[in-house]
Structures are given as C-alpha cells and as structure tokens.
Amino acid sequence: MIGGTLKSFIIIALCFSMVFYAAASFSKSDEICCTWFNMKHTEGKFPQKIMFHYDGTYATYNKMDSSKASASGMFQITKKWTDSKGYIRYKIIMNDPKQGKKYKLAKVSQNGRRLEFVCNKNIYPSELNVNESGYCNYLRASMDFESLP
C-alpha cells in the first residue's frame with residue numbers, strides 16, 4: 001500500500017514539474033519567434049513571409065497568403081544580446097536541406113515590430129548594413145495592421 005501511494009505521489013510530482021517547466025519555457029519565448037512579413041517583396045529573392053517557430057524550425061513563403069512553404073529548415077540562435085539602443089540582436093544559423101547553411105546578423109526593434117537582417121552563405125556578416133545585397137526587413141504580423149510602423 002505504501003509503495004503504491006509513493007508511486008502515485010512521484011507520478012503526480014513529475015506531472016506538475018513538467019507543467020511548470022513548460023510554462024517557464026514558453027514565458028521566456030524568444031522575440032524572433034513569430035510570423036514576419038514584407039508585402040513590398042514581390043517576385044525576387046526575398047519571400048513575403050517568414051515564420052520562426054519555437055521548436056527551432058522556420059519556413060518562408062513567397063506570398064503572404066501562401067500555405068505552401070518555398071523553403072524550410074532549422075535555425076539556431078548562436079548569440080543574442082541587447083545593444084545600447086535597446087535593439088535585440090542575434091547571430092543565427094539557418095540550415096535548409098536544399099539551399100544549405102546561411103549565416104544571419106539580425107535585430108528586432110525595441111517595440112518588437114520590426115525585424116532586419118543581413119544574410120551570408122559563408123560567415124556571419126560583420127554589420128547590419130541596408131546597402132548589403134543580403135539585407136532585408138520585415139514587420140511582425142499582427143491583426144492590428146494600423147498600429148504597425
């Protein structure tokens with residue numbers, strides 16, 4: 001009888017700890033994990049929509065309303081910091097099984113509404129420069145499009 005009660009207690013304790021661990025993990029979710037869009041990207045090298053998922057996967061879509069991903073894979077944040085202006089900065093490795101590995105230097109604005117990055121196939125870019133060929137920017141997808149910058 002005591003063994004069964006102890007076993008039940010351990011199972012209940014494990015269940016509670018898993019629930020609390022999941023809640024703590026999601027409460028620390030990363031700012032980059034959401035849907036980003038740029039309707040100005042038309043036919044070309046940049047997709048209109050990018051989705052970064054909490055499980056470390058991503059998908060890109062050529063059109064905002066598309067449900068079929070043009071590319072997908074895994075991403076890893078290798079470095080994250082906040083600069084003196086309050087931007088959240090990242091070094092990210094994107095790994096697409098078809099296109100290979102890409103290195104991104106990215107930043108999310110202080111209000112979390114804008115994502116900018118520069119992409120390179122060989123190394124991390126040294127700076128986030130709007131004149132680089134791999135530069136692009138996106139806005140956070142929101143139901144309240146009027147409030148976006």
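Helices (H or I, at least four residues) and strands (E, at least two) are DSSP runs, numbered from the N terminus. With that in hand, glutamine 48 can be placed in the loop between β1 and β2 (49-52). We will come back to that residue, but first some ground rules.

You are looking at a predicted model, where local features need pLDDT of at least 70 and side-chain atom pairs count only at pLDDT 80 or more, while totals for chains, interfaces and linings use all residues. Residues are numbered from 1 along each chain as its sequence is written, and side-chain values use heavy atoms, with hydrogens and water left out.

**Stop 1: the whole chain**

Switch to cartoon and colour by secondary structure. You should find one helix and eight strands, running α-β-β-β-β-β-β-β-β from the N terminus. Now colour by accessibility: of the 149 residues, 35% are buried. Buried here means under 20% relative accessible area, exposed means over 50%, and partly exposed is in between (1.4 Å probe, protein chains only). If you like contact maps, take contact as heavy atoms within 4.5 Å. Among contacts with a separation of 6 or more, 29% come from residues 24 or more positions apart.

**Stop 2: the barrel**

Select the strands. They make a closed barrel of eight, in the order β1-β2-β3-β4-β5-β6-β7-β8, with antiparallel pairing. On average, neighbouring strands of this sheet are turned by 30° against each other, direction ignored. That angle is taken between axes, which are lines fitted to C-alpha atoms (for helices over the stretch in contact), with angles running from 0 to 180 degrees between N-to-C directions. Pairing itself requires at least two DSSP bridges between two strands. In general, strands of a sheet pair through backbone hydrogen bonds, either parallel or antiparallel.

Walk along one side of the barrel:

- Select 88-96 and 100-108: β5 and β6 are antiparallel partners over nine bridges. Lysine 91 has leucine 105 in β6 as its bridge partner.
- Add 114-120: β6 and β7 pair in the antiparallel sense over six bridges. Here tyrosine 103 is matched with asparagine 120 in β7. The hairpin has five residues between the strands, and glycine 112 in this hairpin takes a positive phi near 75°.
- Add 135-140: β7 and β8 are antiparallel too, over five bridges. Arginine 114 finds its bridge partner in leucine 139 of β8.

**Stop 3: the nonpolar core**

Next, show side chains for Ile32, Trp36, Phe52 and Leu115, which have the most contacts inside the largest nonpolar core, a set of 19 residues. A nonpolar core is a set of buried Ala, Val, Leu, Ile, Met, Phe, Trp, Tyr and Cys residues joined through side-chain atoms within 4.5 Å. Which strands supply at least two residues of this core each? They are β2, β5, β6, β7 and β8, and β5 gives the most, with four residues.

Zoom in on isoleucine 32. Leaving aside neighbours within four places in sequence, isoleucine 32 is in contact with Phe52, Ile77, Tyr90, Ile92 and Leu115.

**Stop 4: back to glutamine 48**

Is glutamine 48 buried or exposed? At 6% relative accessibility, glutamine 48 counts as buried. Draw a distance from the side chain of glutamine 48 to the backbone oxygen of histidine 41 and you get 2.9 Å. Not counting residues up to four places away in sequence, the residues touching glutamine 48 include Trp36, Tyr61, Met64 and Tyr138.

**Stop 5: salt bridges**

Last selection: the charged side chains. A salt bridge is a side-chain nitrogen of Lys or Arg within 4 Å of a carboxyl oxygen of Asp or Glu, and the whole structure has five of them.

Start with lysine 80 and glutamate 31, whose closest N and O atoms are 3.0 Å apart. Lysine 80 sits in strand β4 (residues 71-82) and glutamate 31 in the loop between α1 (2-27) and β1 (35-37), so this pair ties together parts that are 49 residues apart in sequence. Lysine 80 is partly exposed at 41% relative accessibility, and glutamate 31 is partly exposed at 30%.

Then move to glutamate 116, which forms a salt bridge with lysine 107 at 3.9 Å between the closest N and O atoms. Glutamate 116 is buried at 12% relative accessibility, and lysine 107 is buried at 14%. Glutamate 116 also meets arginine 114 in a salt bridge (3.9 Å, N to O), with arginine 114 partly exposed at 30% relative accessibility. To finish, select Asp30, Glu31 and Lys80 together: salt bridges that share partners join them into one network.

Definitions and conventions:
A polar contact is a pair of N or O atoms within 3.5 Å; within protein, one must be able to donate a hydrogen and the other to accept it, and residues adjacent in sequence count only if both atoms are side-chain atoms.
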